[in-house]
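User: Hi! I have a structure here that I'd like to walk through with you. Could we start with the strands and then move on to the helices?

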Amino acid sequence: MNPTIELLTSHRSIRKFKDQAIPRALFEQLIRAGQAAATSNHVQAYTIIHVVNPQNRQKIAELAGGQPYIASCSDFLVFCADMKRATEAAERAGADVARGMTEQLLVASIDTALMAQNVAVAAESEGLGICYIGGIRNNPQDVSELLNLPAHVYPVFGLCLGYPDQAPEVKPRLPLDAILKEDTYDDSRDQALVDHFDSEMRQYYQARTGSNKETTWSEQLMPLFTSKLRPHMKDFLNQRGFGVK
């Protein structure tokens with residue numbers, strides 16, 4: 001296994017950080033590594049808000065569902081899907097711009113995710129820990145107002161960066177045969193594979209340091225499909241100028 005693959009397969013989410021700042025030069029290198037990610041048609045449809053103000057970080061921690069590591073990590077970033085800059089540039093170049101296309105939402109969201117994952121991998125290669133914060137979307141309007149985000153920009157997720165003060169075990173993933181299909185979508189073995197994975201996840205939670213869980217992967221999915229998760233997002237995205245056509 002080469003060092004890059006070994007790094008990727010050793011990923012853990014870190015939620016406890018040392019009181020140690022990331023040097024600014026290293027921080028900027030991580031962002032440049034993010035910019036090197038693939039981007040649709042070279043649009044680079046993202047903007048990162050580096051949240052430095054402690055009060056703002058504490059407020060975001062509350063808005064994201066009470067996640068204290070947002071305030072305690074060395075650096076906290078909010079990754080935003082941004083179609084404002086590109087559409088305005090095209091408009092200045094003479095284009096008759098069509099705003100609010102669903103494809104623009106997809107391009108901006110995918111560009112943002114690819115860019116962020118490059119930052120995450122670069123950070124882990126330097127011994128840093130990371131934790132994605134999807135809870136940003138719990139209250140996206142409040143977060144947008146706090147960060148002064150304009151129309152055609154929306155916050156996709158946050159990212160905590162810092163030096164780890166914990167060493168959690170690597171969480172198992174679904175069997176390769178469950179997610180890798182040949183030629184067509186053949187799900188004939190999926191139930192058996194998921195049953196096996198549920199057993200593996202129960203054992204993982206029982207053996208994990210400091211764990212108090214007695215559950216499986218399938219059981220953890222139940223809230224996602226038994227409640228309307230973040231139903232406000234459709235109206236919010238429409239108000240931001242995304243995905244209405």
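User: Thanks for putting that up. How many bridges join β1 to β2?
Analyst: Happy to help! One thing up front: this is a predicted model. Six bridges join β1 to β2, and the two strands run antiparallel. Within that pairing, Y46 stands opposite A81 of β2.

User: What is the strand order in the sheet?
Analyst: The order is β1-β2-β4-β3, in an open sheet of four strands with antiparallel pairing. The edge strands are β1 (46-51) and β3 (129-133), each of which pairs on one side only. On average, neighbouring strands of this sheet are turned by 25 degrees against each other, direction ignored.

User: And how many bridges join β2 to β4?
Analyst: Eight bridges link β2 (residues 75-82) with β4 (residues 153-162), and these strands run antiparallel. Two examples: F76 stands opposite C160 in β4, and C80 has P155 as its bridge partner there.

User: Is β2 largely enclosed or exposed?
Analyst: Eight of the eight residues of β2 are buried, so the strand is largely enclosed by the rest of the structure.

User: Which residues of β2 point which way?
Analyst: D75, L77, F79 and A81 point one way, while F76, V78, C80 and D82 point the other way, and all of them are buried.

User: Which strands does helix α2 touch?
Analyst: Helix α2 (residues 24-35) packs on the sheet and touches β1, β2 and β4. Its direction makes about 160 degrees with that of β1.

User: Good, on to helix pairs then. At what angle do α2 and α6 pack?
Analyst: The angle between α2 and α6 (residues 102-125) is about 135 degrees, and their axes are 7 Å apart. That makes α2 oblique to α6. The crossing of these two helices is right-handed.

User: Which residues meet there?
Analyst: From α2 you have L30, I31, A33, G34 and Q35, and they meet M115, N118, V119, A122 and A123 of α6. Sorted by class, this contact of α2 with α6 has seven nonpolar residues, three polar and no charged ones.

User: What about α9 and α10, at what angle do they cross?
Analyst: Helix α9 (residues 190-207) and helix α10 (residues 217-226) cross at roughly 95 degrees, and their axes come within 7 Å. That makes α9 roughly perpendicular to α10.

User: Which residues are in that contact?
Analyst: On the α9 side they are V194, F197, D198, M201, R202 and Y205, which meet W217, S218, E219 and Q220 in α10. The residues in this contact of α9 with α10 divide into five nonpolar, two polar and three charged.

User: Switching to the loops: where does H152 lie?
Analyst: H152 lies in the loop between α7 (140-146) and β4.

User: Is H152 buried or exposed?
Analyst: H152 counts as buried, because its relative accessibility is 18% and the cut-off for buried is under 20%. Leaving out residues up to four places away in sequence, H152 touches A81, D82, M83, K84, R99, R240, G241 and F242.

User: Last one, D165. Where is D165 found, and what is D165 in contact with?
Analyst: D165 is found in the loop between β4 and α8 (176-179). With a relative accessible area of 37%, D165 is partly exposed. Setting aside neighbours within four places in sequence, D165 is in contact with K16, F17 and K18. The C-alpha atoms of D165 and D19 are separated by 8.9 Å, although these residues are 146 residues apart along the chain.

Key
Residues are numbered from 1 along each chain as its sequence is written. This is a predicted model: local features need pLDDT of at least 70, side-chain atom pairs count only at pLDDT 80 or more; totals for chains, interfaces and linings use all residues. Side-chain values use heavy atoms; hydrogens and water are left out. Two strands pair if DSSP finds at least two bridges between them. Axes are lines fitted to C-alpha atoms, for helices over the stretch in contact, and angles run from 0 to 180 degrees between N-to-C directions. Contact means heavy atoms within 4.5 Å. Buried means under 20% relative accessible area, exposed over 50%, partly exposed in between (1.4 Å probe, protein chains only). Angles under 35 degrees count as roughly parallel, over 145 as roughly antiparallel, 65 to 115 as roughly perpendicular and the rest as oblique. Ala, Val, Leu, Ile, Met, Phe, Trp, Tyr, Cys and Pro count as nonpolar, Asp, Glu, Lys and Arg as charged, and the others, Gly among them, as polar. A crossing is left-handed if the near helix is turned anticlockwise from the far one by less than a right angle, and right-handed if clockwise.
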